[in-house]
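Visitor: I am new to this structure and should be grateful for a close look at a single part of it. Please also say how that part fits into the whole.

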Amino acid sequence: QGIYSGSFSSDGTLVLTSSCDGSVRVWKAGVVKPRSINAAHSGCVYAAAFSPSGRLATAGWDRTAKIWDLHSGRCLHVLRDHMGPVYSVCFSPEGSNVLTAGKDGTAKIWSAAGELTLTLKGHDAPVKCAIFSHA
């Protein structure tokens, strides 16, 4: 039940990890004890990412991605449209969109308000990772 993903906040002061035990943890750089966020995914949390604006997103085995308020730990939006586990999640550089990818062979772009805006199809196998360009 190891760690599936890890990422730094944009200012480098926080580390975000996700695990197959269903947990997401936020670590302050240099502090041993993390703050846990109840990811409320049933099963593995394959990916977690910070937004530039105090939110985070998680992707899970339960076919959903979720957007959370970093400070309160409250789930803001549940992104449901994948037909299998969601393996990857990230925010666009400005934080207005979320990109997910999954076992169903699709990548999906969502508004940060949780609305599906585009489904990218064409892969014949699971999509394990998708990212936005910073250019």
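Guide: What follows begins with the whole chain, turns to one hairpin, and ends with two loops.

The model is predicted, so local features need pLDDT of at least 70 and side-chain atom pairs count only at pLDDT 80 or more, while totals for chains, interfaces and linings use all residues. Residues are numbered from 1 along each chain as its sequence is written, and side-chain values use heavy atoms, with hydrogens and water left out.

The protein has zero helices and 12 strands; both are DSSP runs numbered from the N terminus, a helix being H or I with at least four residues and a strand E with at least two. Read along the sequence, the pattern is accordingly β-β-β-β-β-β-β-β-β-β-β-β. The C-alpha trace spans about 45 × 35 × 25 Å along its principal axes. The radius of gyration, 14 Å, agrees with the value near 14 Å that a compact globule of 135 residues would have; the radius is taken over C-alpha atoms, and the globule rule is 2.2 Å times the number of residues to the power 0.38.

The part chosen for a close look is the hairpin of S11 and S12. Strand S11 covers residues 107-111 and strand S12 residues 116-120; the two run antiparallel and are joined by four bridges, where pairing requires that DSSP find at least two bridges between strands. One of the residues involved is Lys108, whose bridge partner in S12 is Thr119. Four residues lie between the strands, and in this hairpin Gly114 takes a positive phi near 90°.

A positive phi also appears at Arg63, at about 75°, although Arg63 is not a glycine. Arg63 is in the loop between strand S6 (55-60) and strand S7 (64-69). Its relative accessibility is 46%, and Arg63 therefore counts as partly exposed, a class between buried (under 20% relative accessible area) and exposed (over 50%), with a 1.4 Å probe and protein chains only.

Another loop, between strand S9 (86-91) and strand S10 (97-102), holds Ser92. At 3% relative accessibility, Ser92 counts as buried. Leaving aside neighbours within four places in sequence, Ser92 is in contact with Pro52, Asn97 and Phe132, contact meaning heavy atoms within 4.5 Å.

Returning to the whole, 47% of the 135 residues count as buried. Of the contacts with a separation of 6 or more, 36% involve residues 24 or more positions apart.
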